[in-house]
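Hi,

Here is the structure I said I would pass on. Have a look at it first, and then read my notes below.

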Amino acid sequence: MKKSMLILYTLFLSVTVIAQNKKVNVGLKAGLNISSLSFDESELNSSSKAGFTAGLMVEIPMTEKFSLQPELLYSQQGTKTSFFDGDVTNSSYKGTIELNYLNIPLMLKYYVIKGFSVQAGPQLGILLKADHKYQDNFLGYKNYGSFNLFDHSSGVDTSVNLGLGYQFKDKIYTDLRYNLSYSNVFKNGDTDYFINKDMKNRVFQITIGYFF
C-alpha cells in the first residue's frame, strides 16, 4: 500500500512540475461501469454488475503527441453472486457485492491522430464502502439481509487501466477503458460472507466528459 501510494505521489509531483510550463485542461466526466470480481470458486457463480462513475480530470500536454491525464473518480464496482444447491429442493442464494471506491488513475495518452488517443496507466483505489446484500431461499422460505464487508477488505486497490479516447473540438471528450486489478479486494476468505481472499476487481468503463 505504501509503495503504491509513493509511486502515485511521485507521478503527481512530476505532473505538477510539467504543468507549470504547459497548457492545462480541466474537466468533468461521468459514465457507466460494468464490473465483476475474478476469483477461483467452483460452486459460487458470478455475473457483472452495473454502476456509476464520475469525477474530475486534468489533461496536461507533454509533447505534440503525448499528454498526462490524472483523474479523481467516484466509482461503484462489485459483482453479482449466486449459488444453487442441487441436493436441496427449491433452495438458492443470490447476492450483490457493492464496492464503492475513490479512484485515482494517472493515464498516459498518445494521440494516434488528431482527437483519437490510446491510453494506459496505473490506478490507486481507496475503498469507501463494502456491502453484500443477499436473498436466501431455503425450501421456499425467503430471507433478505446484508453484510458489512469493510472490515474484511484490504481497503486499497492497485490496478492498471488500458483504453481509448476521443476528443471532439477540444471540449467534449469520451473514453473506453478496461481496468485490471492486481491486488486482492479482501484480506481473507469467509464462507459465511460468500467472499474469497483471491477476489480481484475487473471493470469495463465508458465515460463522457467536458473540458472547460
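**What turned up**

A search of the whole structure, which is a predicted model, finds 1 cavity of 30 Å³ or more. The space in this largest cavity comes to about 90 Å³. Its lining is made up of 13 residues, and Asn103, Gln123, Asn161, Asn179 and Gln205 are the ones nearest the centre. By class, the lining of the cavity has 4 nonpolar, 8 polar and 1 charged. If you want to find the walls by element, go to strand 4 (66–84), strand 5 (92–113), strand 9 (172–181) and strand 10 (200–211), each of which supplies at least two residues of the lining.

**Strand 9 and its neighbours**

Strand 9 is a good one to follow along its length. In a regular strand, side chains alternate between the two faces of the sheet. Here, Tyr173, Asp175, Arg177, Asn179 and Ser181 point to one face and are buried. Ile172, Thr174, Leu176, Tyr178 and Leu180 point to the other face and are not buried. Asn179, on the buried face, also turns up among the residues nearest the centre of the cavity.

On one side, strand 9 pairs with strand 8 (residues 156–168) in the antiparallel sense, over 10 bridges. Within that pairing, Ile172 of strand 9 stands opposite Phe168. The hairpin of these two strands has 3 residues between them, and Lys169 takes a positive phi near 55° there. Strand 9 is also joined to strand 10 by 9 bridges, again antiparallel. One bridge to look up is that of Thr174, whose partner in strand 10 is Ile208.

**The largest pocket**

Then there is the largest pocket, with about 460 Å³ of space. It is lined by 20 residues, and Glu59, Tyr111, Lys114, Gln167 and Asp170 lie nearest its centre. Strand 3 (49–61), strand 4, strand 5 and strand 8 each give two or more residues to this lining. Sorted by class, the pocket lining has 7 nonpolar, 5 polar and 8 charged residues.

**One more residue: Asn25**

Is Asn25 buried or exposed? Asn25 counts as buried because its relative accessible area is 18%, and the cut-off is under 20%. You will find Asn25 in strand 1 (residues 25–38). Leaving aside residues up to four places away in sequence, Asn25 touches Met57, Val58, Glu59 and Phe211. Of these contacts, Glu59 is also one of the residues nearest the centre of the largest pocket.

Cheers

Notes: Residues numbered from 1 in each chain as written. Predicted model: local features only at pLDDT ≥ 70, side-chain atom pairs only at ≥ 80, totals over all residues. Heavy atoms only, no water. 1 Å grid on protein atoms, 1.4 Å probe; cavity = no way out; pocket = protein on both sides within 12 Å on 5 of 7 lines; lining within 4 Å. Points joined across faces, edges and corners; volume = space filled by probe spheres on them. Helix = DSSP H or I, 4+ residues; strand = E, 2+ residues; numbered from the N terminus. Nonpolar A, V, L, I, M, F, W, Y, C, P; charged D, E, K, R; others polar. Buried < 20%, exposed > 50% of the residue type's maximum accessible area, 1.4 Å probe, protein only. Pairing = 2+ DSSP bridges. Contact = heavy atoms within 4.5 Å.
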